[in-house]
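Please open the model in your viewer and keep the sequence panel beside it, since this tour moves from one selection to the next.

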Amino acid sequence: MSDSKTVAVLEWGTSKIKVLIAEIVDDEKINIISQSMIDSGLSIKKGDVINVVKTYEKTHEAIRNAENKASVKLNKISMALSGTHIKVFKYLTSVKTSAANGVVRASDVETAKKQIREKELDEGRSYIQQVRSAYYLDANLCANPVGKIGKVTDVEYLMIHGENERILEIINIIHSTGIELEDMVISGIASARAVTSAQQKADGVLVVDIGAGTTDYAIIKNNTYIHAGIIPLGGNHVTNDLALGLHLTPKTAESVKITSGKLFLSEEEKSKIYWAIGDKQIGDKKILADSVNKIVYSRVVEILEILREETSEYLNKIKEVVITGGVSNTVGICELAERIFGIPCSKGCFSEDLPKNVRKQSWATLLGMLEHVKSQKQKNKAKNRKRRFLLF
């Protein structure tokens with residue numbers, strides 16, 4: 001007899017608020033039963049709340065829509081976070097092997113982890129996540145030091161934190177919908193779970209999620225996260241550039257970006273003329289494809305070059321760049337990324353088991369959140385088994 005648990009995940013994007021509800025069957029299989037996506041109504045900018053009341057209203061609407069489609073009532077939800085207030089740093093702590101025979105014990109590693117958990121932040125900051133990035137045994141990288149012989153074990157973590165006021169604001173908005181906020185994961189780490197294979201995670205991969213307001217990224221090597229971050233630039237900046245440069249309304253500029261935005265044009269394509277709105281009526285105007293290309297190209301190059309600068313010390317450890325998020329649908333983006341980073345690039349790929357309507361780059365973050373929730377439930381189940389075993 002199979003066992004299923006209903007879970008839900010939420011993402012606040014600059015342009016959209018999204019919810020997925022799924023059943024996790026036997027702690028293994030993810031069965032998506034409902035999805036909801038609504039316009040954020042300009043209540044969020046670059047991942048940060050700028051209108052609390054409207055964010056609550058939109059969040060409540062998105063959750064209720066998903067609940068109604070699934071015919072369920074949620075009491076908990078996990079959330080993907082982005083925002084300019086989120087920061088990441090690495091922290092390493094060391095412990096000496098306690099056993100006389102030099103064999104590292106699990107308790108040694110737990111001592112190091114306890115020291116990490118107790119690392120204090122500046123006033124006004126709180127942890128969102130603490131993600132292990134590496135073990136070292138006598139300064140050598142090690143998959144798991146427990147049971148091996150060595151003098152000193154180093155444990156390294158990514159310490160992800162945000163402003164107390166922003167985090168409390170998020171929690172209060174979610175709780176106002178009548179639902180408990182169960183967990184929070186930054187968007188770059190969530191997306192990386194969804195769009196990479198086991199081989200890519202082992203070999204080394206930089207995952208780049210370019211959304212409307214931010215570019216979230218994570219680097220994975222040897223199946224662990226070694227770096228992550230957020231750049232406050234995204235697809236809306238391309239839209240704004242088109243609106244200013246071509247004298248268009250934001251709505252028309254967004255349409256032009258989606259239908260005509262390409263990063264590389266042939267000589268023949270450069271002279272092609274588009275109608276901005278498309279109806280050739282009063283208010284519509286002709287636009288040269290070359291003009292669109294130059295504007296889109298300049299902004300996307302800027303985003304990728306900033307990303308290259310932020311990740312430069314890790315690029316020799318990775319073999320591939322994987323791009324996801326809505327802007328990844330821009331024609332030529334992988335070719336451009338290969339030129340800037342000097343390594344192969346591909347778009348995010350998804351499991352064929354997922355429904356087609358969510359097997360899209362714009363849903364990568366929430367699909368990764370479902371993987372995270374599943375993983376946490378597997379870990380909790382294993383811990384409970386261990387506790388029951390120790391009772392006998």
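## A helix across two strands

Begin by selecting helix α3, residues 164-176, which lies across β8 and β10 and runs at about 70 degrees to β10. Please keep in mind throughout that this is a predicted model.

With α3 still displayed, add the two strands beneath your selection: β8 covers residues 125-137 and β10 covers residues 152-163, and the two run antiparallel, joined by eleven bridges. To fix the register of this pair in view, pick Arg132 and look across to Tyr157 in β10, which stands opposite Arg132.

## The sheet around β8 and β10

Now widen the selection to the open sheet of four strands, whose order is β7-β10-β8-β9 and whose pairing is antiparallel. At the edges are β7, residues 87-96, and β9, residues 140-142, each of which pairs on one side only. If you look along the sheet, you can follow a twist that averages 40 degrees from one strand to the next.

Within β10, select Thr153. Is Thr153 buried or exposed? Its relative accessible area is 1%, which is under the 20% limit, so Thr153 counts as buried. Setting aside neighbours within four places in sequence, Thr153 is in contact with Thr93, Ser94, Val95, Val104, Val109, Tyr136, Leu137 and Pro145.

Step next to Lys151, which is found in the loop between β9 and β10. Lys151 has a relative accessible area of 66% and is therefore exposed, the cut-off being over 50%. Its contacts, again leaving aside neighbours within four places in sequence, are Val95, Lys96, Thr97 and Asp138. For a sense of distance, draw a line from the C-alpha atom of Lys151 to that of Ser187: these residues are 36 apart along the chain, and the two atoms are separated by 37 Å.

The loop between β8 and β9 is the next stop, and the residue to select there is Ala139. Although Ala139 is not a glycine, it has a positive phi of about 75 degrees. With 61% relative accessibility, Ala139 counts as exposed.

## A hairpin and a buried lysine

Move to strands β2, residues 16-25, and β3, residues 29-39, which pair in the antiparallel sense over ten bridges. The two strands form a hairpin with three residues between them, and in the turn Asp26 has a positive phi of about 55 degrees. At the start of the pairing beside this turn, select Val25 and Lys29 in β3, which stand opposite one another.

From the hairpin, go to Lys374 in helix α11, which spans residues 364-391. Which residues does Lys374 touch, apart from those up to four places away in sequence? They are Ile24, Asp27, Glu28 and Ile30. The relative accessible area of Lys374 is 14%, and Lys374 is therefore buried.

## Helix α6 and its two partners

Finally, select helix α6, residues 235-246, together with helix α9, residues 289-311; the two pack at an angle of about 140 degrees, with their axes 9 Å apart. That angle makes α6 oblique to α9, and α6 passes α9 in a right-handed crossing. To display the contact, show His237, Val238, Asp241, Leu242, Gly245 and Leu246 in α6, which meet Ser291, Val292, Ile295, Val296, Arg299 and Val300 in α9. By class, this contact of α6 with α9 has seven nonpolar, three polar and two charged residues.

Keep α6 in view and replace α9 with α7: the axes of α6 and α7 come within 8 Å and cross at roughly 115 degrees. The two helices are therefore roughly perpendicular to each other, and α6 passes α7 in a right-handed crossing. Here Gly235, Asn236, Val238, Thr239, Leu242 and Ala243 in α6 meet Pro250, Ala253, Glu254 and Lys257 in α7. The contact of α6 with α7 comprises five nonpolar, three polar and two charged residues.

End the tour in the loop between α6 and α7, residues 250-260 being those of α7, and select His247 in that loop. Phi of His247 is near 55 degrees, a positive value in a residue other than glycine. With a relative accessible area of 67%, His247 is exposed.

Definitions and conventions
Residues numbered from 1 in each chain as written. Predicted model: local features only at pLDDT ≥ 70, side-chain atom pairs only at ≥ 80, totals over all residues. Heavy atoms only, no water. Buried < 20%, exposed > 50% of the residue type's maximum accessible area, 1.4 Å probe, protein only. Contact = heavy atoms within 4.5 Å. Pairing = 2+ DSSP bridges. Axes fitted to C-alpha atoms, helices over the stretch in contact; angles between N-to-C directions. Parallel < 35°, antiparallel > 145°, perpendicular 65-115°, else oblique. Left-handed = near helix turned anticlockwise from the far one by under 90°. Nonpolar A, V, L, I, M, F, W, Y, C, P; charged D, E, K, R; others polar.
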